[in-house]
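Got your viewer open and a selection box ready? Let's walk through this one stop by stop.

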Amino acid sequence: MPRFRVVVTDYEYESLEIERRVLEEVGAELVAAQLRKAPPEKILEVCRDADALIVQYASITRRVVEGLEKCRVIARYGVCLLYTSPSPRDLSTYRMPSSA
């Protein structure tokens, strides 16, 4: 049984095999979804119990973030913006890495 659940909300890539391989090494299950134009309700339906999100274009609104029950990391493909939180629903810890 996986220790973590990571949802890729949307992607343009032919394969997520690299992500899947890396995540399996740390005991995480990768769930691939295509939620690019999905409303917040649908995003939450798929992501509510995720430990982490990897996002390309999907709109991760405040409403979505507040509805995530366990999420500690939201990472966006191609951008150095990270959201990490010691507790779910704490929106005070947005940060940009110093290299950005």
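**Stop one: a tyrosine and its partner**

Select Tyr 13 to begin: in this predicted model, Tyr 13 is partly exposed, with a relative accessible area of 37%. Now add Tyr 77, which forms an aromatic pair with Tyr 13. The pair is edge-to-face, with 5.1 Å centre to centre and 70° between the planes. It's the one aromatic pair the structure holds. Tyr 13 sits in the loop between β1 (4-8) and α1, while Tyr 77 is in the loop between β4 (73-76) and β5 (82-84), so the pair ties together parts that are 64 residues apart in sequence.

**Stop two: a glutamate without a bridge**

Keep Tyr 77 on screen and pick Glu 19, in helix α1 (residues 17-25). Setting aside residues up to four places away in sequence, Glu 19 touches Leu 30 and Tyr 77. What is the nearest side chain of opposite charge to Glu 19? That's Arg 21, 8.0 Å away; Glu 19 is buried yet has no salt bridge.

**Stop three: the cores**

Next, select Val 7, Leu 35, Ile 43, Cys 47, Leu 53, Leu 68 and Ile 74: these have the most contacts inside the largest nonpolar core, which has 18 residues. Helix α2 (40-47), β3 (52-55) and α3 (62-67) each give two or more residues to this core, and α2 brings the largest share, four residues. Zoom in on Cys 47: beyond its neighbours within four places in sequence, its contacts are Arg 5, Val 7, Thr 9, Leu 35, Leu 53 and Leu 68. Then switch to a second, separate core of nine residues, including Val 8, Leu 23, Ala 52 and Ile 54.

**Last stop: a charge over a ring**

Finish with Arg 36, which lies over the face of Tyr 57, at 4.0 Å from the ring centre.

Note on methods:
Residues numbered from 1 in each chain as written. Predicted model: local features only at pLDDT ≥ 70, side-chain atom pairs only at ≥ 80, totals over all residues. Heavy atoms only, no water. Buried < 20%, exposed > 50% of the residue type's maximum accessible area, 1.4 Å probe, protein only. Lys, Arg positive; Asp, Glu negative; His and termini not counted. Salt bridge = Lys/Arg side-chain N within 4 Å of Asp/Glu carboxyl O. Contact = heavy atoms within 4.5 Å. Core = buried A, V, L, I, M, F, W, Y, C linked by side-chain atoms within 4.5 Å. Phe/Tyr/Trp six-rings, centres within 6.5 Å; stacked < 30°, edge-to-face > 60°. Lys NZ or Arg CZ within 6 Å of the ring centre and 35° of its normal.
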